[in-house]
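Let's take a friendly walk through a protein chain together. Keep the sequence and the 3D view side by side as you read.

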Amino acid sequence: MSSISSRFVCRRLRSTRATFRYTAKTVLIGLSWVPVIAYVANHVVWIGVIDGSSMTPTLNPETNGLAKDVTLLWKFNAKNYSSYKRGEVIVLRNPRDPEGTVVKRIIAFEGEEVRTRFPYPESTVIVPPRHFWVEGDNVHSIDSNTYGPIPIGLVTARVQTIVFPLGRWGSVPTAGGRDPRSVVVGLSYSRYPKST
């Protein structure tokens with residue numbers, strides 16, 4: 001009887017070891033992907049939930065605030081100033097609270113003279129080098145009219161695509177908010193100086 005029970009115990013022990021090895025191997029393989037996922041999330045692409053109404057009606061068009069758009073955020077090449085186009089929607093660190101982020105539309109580039117609106121203290125401003133003038137599509141947005149032009153260093157991503165709700169799936173429109181033709185009133189120097 002004792003030899004049968006010892007064989008059973010040995011078989012059970014081997015089975016437990018095999019299960020432990022399989023589990024450990026699976027966990028290690030999973031953990032090896034953590035740095036890759038972290039790199040992709042921080043430097044390439046990620047999914048973000050748009051909170052707030054500053055970009056309404058382009059993003060979060062529901063006025064009750066319950067439905068939030070889920071978007072694809074493209075982070076690759078986010079610090080390349082010359083890659084941006086007027087009308088693009090971007091994510092940037094909040095100039096008033098560096099721990100937070102805001103979503104705004106690019107209205108003007110460096111060297112362009114912008115017609116501001118309240119509460120900005122001057123009626124026009126020239127956007128400094130490597131800065132953007134950004135505004136929310138909602139007229140009540142807190143944007144460059146509050147905190148002025150923002151430097152490229154604050155930009156973290158482009159808002160590329162609305163992925164949820166499924167009925168709104170598609171690219172983020174490049175038009176919305178104030179028409180840049182009514183905002184940009186002049187050009188003080190060229191965005192891309194001629195090389196000599």
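Leaving aside its neighbours within four places in sequence, which residues is R178 in contact with? Keep in mind as you look that this is a predicted model. The residues to find are I107, R115, T116, R117, W133, E135, N145 and V183, once the neighbours within four places in sequence are left aside. R178 itself lies in the loop between β10 (residues 170-171) and α4 (residues 180-183).

Two of these partners deserve a second look. The side chains of R178 and E135 are joined by a polar contact of 2.5 Å. The side chain of R178 also reaches R115, where it comes to 3.0 Å from the backbone oxygen. Is R178 buried or exposed? Its relative accessibility is 18%, and buried means under 20%, so R178 counts as buried.

Now let's step back and view the whole chain. Its secondary structure comes to 4 helices and 11 strands. The chain has 196 residues, and buried ones make up 35% of them. The chain exposes about 12300 Å², and 62% of that area is supplied by carbon and sulfur atoms. Another number tells you about contacts across the sequence: of the contacts with a separation of 6 or more, 62% are between residues 24 or more positions apart.

V89 gives you a chance to see such contacts for yourself. You will find V89 in strand β3. With a relative accessible area of 3%, V89 falls under the 20% cut-off and is therefore buried. Not counting residues up to four places away in sequence, V89 touches M55, L59, V103, K104, R105, R158, V159, V172 and P173. Try finding G176 as well: V89 and G176 are 87 residues apart along the chain, while their C-alpha atoms are separated by 9.8 Å.

Strand β3 also leads us to the largest pocket. Which strands each supply at least two residues of its lining? They are β1 (residues 45-49), β3 (residues 89-94) and β4 (residues 97-108). The largest share of the lining, 4 residues, comes from β4. In total, 15 residues line this pocket, and I50, D51, T101, V102 and V103 lie nearest its centre. You have met V103 already, as one of the residues that V89 touches. The pocket has a volume of about 260 Å³. Sorted by class, its lining has 8 nonpolar, 5 polar and 2 charged residues.

Our next stop is D143, in the loop between β7 (residues 131-135) and α3 (residues 144-147). How does D143 fare on accessibility, buried or exposed? Its relative accessible area is 1%, which is under 20%, so D143 is buried. The side chain of D143 makes a polar contact of 3.5 Å with the side chain of S141. Beyond residues up to four places away in sequence, D143 touches K104, R117, V134, E135, G136 and G148. Some names here should ring a bell: R117 and E135 are also among the contacts of R178, and K104 is among the residues touched by V89.

Let's finish with some details of the backbone. Most residues other than glycine have a negative phi, and most peptide bonds are trans. With that background, look at the bond from F118 to P119, which is cis, with omega near 15 degrees. P119 is found in the loop between β5 (residues 112-115) and β6 (residues 124-126). A cis peptide bond also joins F164 and P165, with omega of about 5 degrees. P165 has its place in the loop between β9 (residues 155-164) and β10.

For phi, turn to two asparagines. N60 has a positive phi, near 55 degrees, and sits in the loop between β1 and β2 (residues 70-74). N77 has a positive phi too, near 70 degrees, and its place is in the loop between β2 and β3. What does accessibility say about each of them? At 5% relative accessibility, N60 counts as buried. N77, at 39%, counts as partly exposed, because that value lies between the 20% and 50% cut-offs.

How values were computed
Residues numbered from 1 in each chain as written. Predicted model: local features only at pLDDT ≥ 70, side-chain atom pairs only at ≥ 80, totals over all residues. Heavy atoms only, no water. 1 Å grid on protein atoms, 1.4 Å probe; cavity = no way out; pocket = protein on both sides within 12 Å on 5 of 7 lines; lining within 4 Å. Points joined across faces, edges and corners; volume = space filled by probe spheres on them. Nonpolar A, V, L, I, M, F, W, Y, C, P; charged D, E, K, R; others polar. Buried < 20%, exposed > 50% of the residue type's maximum accessible area, 1.4 Å probe, protein only. Polar contact = N/O pair within 3.5 Å; in protein donor to acceptor, adjacent residues only side chain to side chain. Contact = heavy atoms within 4.5 Å. Areas by Shrake-Rupley, 256 points an atom, 1.4 Å probe, with all protein chains shown as cover.
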